Amino acid sequence: MAKRCEFWLPSKRRHCANAPLPNSSYCGNHDPSSIDLRVPCPIDPSHSVTKESLKSHLKRCPFAKQARDLESQPYFSEDINTSSADSEDEIVSSDAKRKAIHGLTPLDFHHLITKIKSLHSTICSEMRVSLVIPERCSKWMNGMQERQVPFQEKHAVQQASIIGNMEEFGMISKPLGDCSGLNGEKGEGEGEGAAIVEFGAGRGYLAHMLADCYGFNKVFLIERRSYKLKADRSLRQKESLVFERLRIDIKDLNLHAIDSLKELPYLAIGKHLCGPATDLTIRCCLPDQSIPNKGPTFTGSHIQGLALATCCHHLCQWKHYINKDLFSKLGITKAIFHAITWFSSWAVDADHSSELTDMNDQEIHLTTRDTEESCKEKIRGVDEIIRKMPQLERAVLGFMCKEIIDMGRLFWLRDRGLEAQLRKYVPSNISPENHLLVAKQPA
């Protein structure tokens, strides 16, 4: 058997499949001795090259043609969904956020926790768990299991609940008849005229379920990466369905320049839009023509509603965040915002085998009191304070931070004249990334 690189790929749960270099256990991409000599490819940072071969690599990079083809498309407009006011802001890495927090004095750390608690009590309200599985989606899931297609019940439940909350919120109507995904009959309902645009679509199974169960006949998938085992094959087999997959970064997408979407009403959906992808999606759907308190106005396709499941709040950036104005008015600086994003990762570190209790001030009372005492004694640093925080208290603070970030997005949508809500669409023991932002045009 051919020898393989010993570098472990966590996301794929296997070792790298490349052959190792001579006299080494690692391939050229992962050799520790040459790691400092390699730089990310500027065309596609998912791979790297040595510094001395960068110039020649750019001429033969397999992603170069894809990039040129994309740039020639009418819907490509570089950085169109990033605010011009953000051009000078830099992306702050998770390591830089961590170092900034660990570099605080115990007293400053205590003040930061107090500020976050105060902000949460000011702008956040209690969110109930809204797990809604429509009967049609339940039948669809049973049908998928019988067909033995790629199917994971955990993800299907999340997709079905997103759709159920869309229906409950009034974004889509209950269609008549049986699920078209099961017997080939097209449901009569919301799908007759509107299109589905799924952002950060991945394999596209959220749009697949929605189109099958509610009779939508126009589906657009937006995703910058390439995936195997996609829903595309099943969707393309439907003769009456207009289907397009656009491989593009959301930040560069001019949605209203897609020819086949022009003049069409559409629903924007997304399951687990990581970090700033949520902000970029909102800005993509509601561009700068949207005037506060006057409602959105459009020259091309127009949005009927959106349902975005947010996640990975620790990746959020001040540079891209949609509602910096609100946070600035509340005294939240760029540094505090990035601290909030870093703390948000604590929400997913806890034991979620059972649903966590609702958050309240008492749950982190001991931590703040302990921090005050350590400030007086001056014998402990922030590292030790964090290390001794109970896991549940860390999780409670993390969930507070996630709510703060998403409430800012919610208020931004309401300021644009939309009816909007923030819901927990599944309990945390199904997924701790369980926030769903739903919005629609007012009746």
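Of the contacts in this chain with a separation of 6 or more, 71% are between residues 24 or more positions apart. Keep in mind that what you're looking at is a predicted model. The secondary structure adds up to 15 helices and 11 strands. Of the 443 residues, 51% count as buried. On the outside, the chain exposes about 21,800 Å², and carbon and sulfur atoms supply 50% of that area.

For a look at the inside, go to helix H12, which spans residues 334-344. Here 9 of the 11 residues are buried, so the helix is largely enclosed by the rest of the structure. The buried stretch is easy to pick out by name: Ile336, Phe337, His338, Ala339, Ile340, Thr341, Trp342, Phe343 and Ser344. An α-helix has 3.6 residues a turn, so residues three or four places apart point the same way. What does the covering of the buried residues in H12 include? Among the elements packed over them are helix H3 (94-102) and helix H4 (106-123), along with helix H11 (324-329) and helix H15 (391-415).

H11 also helps you find the next stop, Cys312, which sits in the loop between strand E9 (302-311) and H11. The backbone does something worth a look here: phi of Cys312 is near 50°, a positive value in a residue other than glycine. Is Cys312 buried or exposed? Its relative accessible area is 17%, and because the cut-off for buried is under 20%, Cys312 counts as buried.

Now set that beside Asn23, another non-glycine residue with a positive phi, this one about 60°. You'll find Asn23 in the loop between strand E2 (14-15) and strand E3 (38-40). Its surroundings are another matter: Asn23 has 87% relative accessibility and counts as exposed. So there are two loop residues to inspect, with Cys312 buried and Asn23 exposed.

Staying on the surface, let's turn to charge. Which residues form a positive surface patch? The members are Arg4, Lys12, Arg14, Arg203, Arg225 and Lys228. Take Lys228 as a way in: this residue belongs to the loop between strand E6 (218-222) and helix H9 (232-236). With a relative accessible area of 69%, Lys228 is exposed. Because patch members need over 30% relative accessible area and no salt bridge, the 69% of Lys228 clears the area part of that test.

Technical notes
Residues numbered from 1 in each chain as written. Predicted model: local features only at pLDDT ≥ 70, side-chain atom pairs only at ≥ 80, totals over all residues. Heavy atoms only, no water. Patch = residues over 30% accessible without salt bridge, like charges linked within 9 Å, V, L, I, M, F, W, Y side chains within 5 Å. Areas by Shrake-Rupley, 256 points an atom, 1.4 Å probe, with all protein chains shown as cover. Salt bridge = Lys/Arg side-chain N within 4 Å of Asp/Glu carboxyl O. Lys, Arg positive; Asp, Glu negative; His and termini not counted. Charge placed at Lys NZ, Arg CZ, Asp CG, Glu CD. Helix = DSSP H or I, 4+ residues; strand = E, 2+ residues; numbered from the N terminus. Buried < 20%, exposed > 50% of the residue type's maximum accessible area, 1.4 Å probe, protein only. Contact = heavy atoms within 4.5 Å.
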